[in-house]
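Dear colleague,

Please find below the structure I agreed to pass on to you, together with its sequence. My findings follow directly after it.

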Amino acid sequence: GKASVAGAVACVFFFNVTQAKIGSGTVLDISGDAQVSAEADTTARLIAGALSASSSKVGVGLTVASIANSDQVLAELADNVQLNAGGKYTQNAVTSADFLAVTIAASVTTSGTGVGGVIDAIVMDNHVSSIVGASALITAGSDIAILASAKANPLLAALSFAGSGSSTAVGGTLAVVVTNTVTLAEVKGAARLTSTNGAISVRALSEDEFINVLAAASVSGGGTAVAGTLGVLIALNQTSAKIDDGAVLTGKNDVSLLSSGKTWMLVLGMSLSAASQNAVGATISVCVFQRAIKALVGANAKLTSAAGNVLVQANGENWALQLTLAAAGAGSNALNGTIPVFVGLDTVWSEIGQSAELSAAGSVGVLANLDNHTYVVSGGLAVSGSNAFGATLSTVVYTNTVKAIVGQSAVILSGGAGAGLSLPNRASKRRGVFI
């Protein structure tokens, strides 16, 4: 025949809304513990495959796989709510996503042209919010904990193979992973949170673990072989913990505002081509961190601990390993190239606003910290009976912004009691005021 074609398309889409809300002006008196919780747990397993094997003039194998996740998770006490709990008060907005996408495409023709291709994509655009409304009043006998948390574990693997007995073989993979998750824990203006015998925490946490594996191989027994991979992985998350203008948090023990973003990334490339005449192998891998991690206290807000510490902290952590490999072998001409690119554009920001007040019997900290661990391993091999060319271009760029700001007329008071605070990159705790 003239052509043999095999293809597979697999798509999964999530658009979920999960909410737990107490309406405006509600008054609640609870003798024990109280909890408002909204949670979403998403798991997807997507596997697609295609195979074309023939003696046709053209053999094609192609797969397309995509996962799109757009969850909305909200835990909220609306404006002017009054809540009194004899025990602890807990408010959680939590999302967890676990995705696996595996696609395989293979094309083999004994006498014609073989083409194998894979296109994979995972896109996440989630919004996770835990909000205490304006002028809300929360009083608890024990701890008060406001939490927004988003975790994601996307694993993507793409494979492609093309083989021709006497003509041209082309194999290629394209894989794209993008996360754009907004995580927000917020106490709005003029709200009052009071823990008579416990601690108060407002936390926004995001954590991503990426594994992205690409592979393309093409073999031709009598002509030209071309193999290429292009992998793109982008993290655009926004993680914010906020106490707005005029809000008051008073606790017996520690009072803390924490924003934390962690990203763990493992990317493997790989490309191979072999032919009796001409062979080309190329791998391009691009990873971008562009996250915003913020802990912000508004103007005239007050955070007070009668017997503990007060901490405002934004913390970012990145761990990334890129591996790229491209090999080309031919009887006449061989060309090989690898281009790994890593770009860090993170913003980590803690701030207390104008005329805000932080007061503690223990220690006080306004901290911002970013830890980067980046490893790039590249490669390339070109072998030919006549001409061989190989090149590698590796690029790592960091233009991160890390800042801790104390606004005009702000007041920070520390009694220096207790064991102190655990500071970034310090083995022991310290007592006093730290910015």
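The notes below cover a parallel sheet, one of its inner strands, a buried valine and a cavity.

Please bear in mind throughout that this is a predicted model.

The sheet. Eight strands make up an open sheet, and their order is E3-E7-E11-E15-E19-E24-E29-E35, with parallel pairing. At the edges lie strand E3 (27-30) and strand E35 (411-414), each of which pairs on one side only. On average, neighbouring strands of this sheet are turned by 0 degrees against each other, direction ignored.

Strand E24 and its neighbours. On one side, strand E19 (residues 248-251) runs parallel to E24 and is joined to it by four bridges. Within this pairing, Val248 has Lys302 of E24 as its bridge partner. On the other side of the sheet order, E24 pairs with strand E29 (residues 357-360), again in the parallel sense and over four bridges. Here Ser305 stands opposite Ala360 of E29. E29 in turn pairs with E35 in the parallel sense, also over four bridges, and Leu358 has Ile412 in E35 as its bridge partner.

The side chains of E24 (residues 302-305) alternate along the strand. Leu303 and Ser305 point to one face and are buried, whereas Lys302 and Thr304 point to the other face and are not buried. Lys302, the bridge partner of Val248, therefore belongs to the face whose side chains are not buried.

Val288. This residue is found in strand E22 (residues 278-289). Is Val288 buried or exposed? Val288 counts as buried because its relative accessibility is 15%, and the cut-off for buried is under 20%. Leaving aside residues up to four places away in sequence, Val288 touches Leu233, Ile234, Ala235 and Val343. Val288 and Leu236 are 52 residues apart in sequence, and their C-alpha atoms are 8.3 Å apart in space.

The cavity. A search of the whole structure finds one cavity of 30 Å³ or more. The volume of the largest cavity is about 50 Å³. Its lining consists of Thr95, Ala97, Met124, Asn126, Ala150, Lys151, Ala152, Thr181, Ser206, Glu207, Asp208 and Asn237. Strand E8 (89-109), strand E12 (144-164) and strand E16 (200-220) are the elements that give two or more residues to this lining. By class, the lining of the largest cavity has four nonpolar, five polar and three charged residues.

With kind regards

Methods: Residues numbered from 1 in each chain as written. Predicted model: local features only at pLDDT ≥ 70, side-chain atom pairs only at ≥ 80, totals over all residues. Heavy atoms only, no water. 1 Å grid on protein atoms, 1.4 Å probe; cavity = no way out; pocket = protein on both sides within 12 Å on 5 of 7 lines; lining within 4 Å. Points joined across faces, edges and corners; volume = space filled by probe spheres on them. Nonpolar A, V, L, I, M, F, W, Y, C, P; charged D, E, K, R; others polar. Buried < 20%, exposed > 50% of the residue type's maximum accessible area, 1.4 Å probe, protein only. Pairing = 2+ DSSP bridges. Contact = heavy atoms within 4.5 Å. Axes fitted to C-alpha atoms, helices over the stretch in contact; angles between N-to-C directions.
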